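Visitor: I have a model open on my screen and would like to talk through its charged side chains. Could you walk me through them?

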Amino acid sequence: IKKDIRLKKLRMSKRNKFSIVVAVYNRPEEMSELLESIFNQEYRDFEIIVVDDGSQKSSRDIVNHYKNKLKIKYFYIENKGPALARNFGVNKSEGDWIIFFDSDCTIPKNYFFEINNFLNNNEIDFYGGPDMMDNSFTYLQKSINFSMTSLLTTGGIRGKTNSIDKFLPRSFNMGIKRKAFQEVGGFSDIRQYGEDLDLSYKLIFSEKKSALISNARVFHKRRTNLYNFFNQMFKSGKGRHYLNLKYEGTFRLFHLFPALFVFGLFILFINQLLIKNNFIEIIKIIYGVYFTLIFLSSSIENKNPIIGFLSIITTFIQFLGYGIGYVFGIFKNIK
């Protein structure tokens with residue numbers, strides 16, 4: 001009944017035309033899952049642009065499978081990085097709104113209904129939506145999801161607060177008016193870090209209006225091993241410092257927390273070799289209490305103590321990678 005009501009409202013509302021742009025690199029299996037979820041959408045007034053960014057594992061056969069089911073275009077280009085690959089895709093698109101998904105996402109079937117309804121009732125230039133966990137995710141993926149979204153780790157800044165005007169969308173779930181995208185020149189040529197936040201800042205500093213559409217959620221699988229997760233966090237930390245320098249006034253105190261975390265670990269390591277004092281015991285207690293809270297919170301949220309234990313590991317890697325990356329960015333800039 002609810003679905004019938006949604007479809008009736010959709011037929012009566014203004015229908016925005018969307019272009020979905022996905023840059024993919026060596027992830028044909030994930031592309032198959034993403035396209036299947038898009039095929040199952042209730043709202044179908046969209047086209048899909050898949051840009052294969054120099055992959056050794058092509059997604060061409062996956063896209064061809066959906067040629068008779070969806071309005072879809074496939075392009076294979078020399079590897080340029082996700083920013084320029086997405087720009088290429090936008091240039092091949094026709095929609096009024098450009099929607100970006102990461103290839104490791106799947107989309108709930110009411111997604112486009114939700115954003116169409118929101119855009120018909122709100123004047124904005126770009127938006128973002130939250131990412132969430134699917135029950136099919138592995139324990140490790142669920143623990144990474146907790147580390148990336150928990151109030152205890154990221155402060156809930158990735159789509160859990162109802163911010164408007166200055167919400168900063170990420171490329172895993174991001175929509176932009178074509179005109180606004182063109183006016184700021186699209187994504188900057190950044191291969192290593194922060195191309196999506198850079199675009200959000202360019203839009204904000206150009207006085208474009210953003211919003212969080214809290215019901216426009218995606219399932220985000222994230223990295224599937226700890227090594228890749230560490231590299232992702234390292235690049236994010238390095239990019240954070242770069243963006244703070246590029247966009248005046250964007251620095252926030254919590255950006256330093258992972259670097260302080262790494263500094264605390266360094267102090268503990270030196271202590272084991274050289275120093276013995278009560279201050280070190282206080283640091284140990286702080287770390288112990290914090291990771292106990294991580295374990296309890298994740299175990300309760302996921303109803304599984306194994307995921308709670310893994311969340312300690314993923315949070316440790318998250319802070320370590322981001323903190324080292326942030327410090328690396330500072331010293332690289334000094335040089």
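Visitor: Is Glu47 buried or exposed?
Guide: Happy to help, and please keep in mind that this is a predicted model. The relative accessible area of Glu47 is 0%. The cut-off for burial is under 20%, so Glu47 counts as buried.

Visitor: Which residue does Glu47 meet in a salt bridge at 3.8 Å, N to O?
Guide: Glu47 lies in strand 2 (residues 46–53), and its partner lies in strand 3 (residues 72–77), so the pair ties together parts that are 26 residues apart in sequence. The partner is partly exposed, with a relative accessible area of 26%. That residue is Lys73.

Visitor: How many residues apart in sequence are the parts that Arg86 and Glu195 tie together?
Guide: Arg86 and Glu195 form a salt bridge, with their closest N and O atoms 3.0 Å apart. Arg86 belongs to helix 4 (residues 82–91) and Glu195 to helix 8 (residues 195–205). Arg86 is buried at 5% relative accessibility, and Glu195 is buried at 10%. The parts they tie together are separated in sequence by 109 residues.

Visitor: Asp198 forms a salt bridge with Lys246; which helix holds Lys246?
Guide: The closest N and O atoms of Asp198 and Lys246 are 2.8 Å apart. Asp198 is buried at 0% relative accessibility, while Lys246 is partly exposed at 37%. The pair links distant parts of the chain, 48 residues apart, with Asp198 in helix 8 and Lys246 in helix 9.

Note on methods:
Residues are numbered from 1 along each chain as its sequence is written. This is a predicted model: local features need pLDDT of at least 70, side-chain atom pairs count only at pLDDT 80 or more; totals for chains, interfaces and linings use all residues. Side-chain values use heavy atoms; hydrogens and water are left out. A salt bridge is a side-chain nitrogen of Lys or Arg within 4 Å of a carboxyl oxygen of Asp or Glu. Helices (H or I, at least four residues) and strands (E, at least two) are DSSP runs, numbered from the N terminus. Buried means under 20% relative accessible area, exposed over 50%, partly exposed in between (1.4 Å probe, protein chains only).
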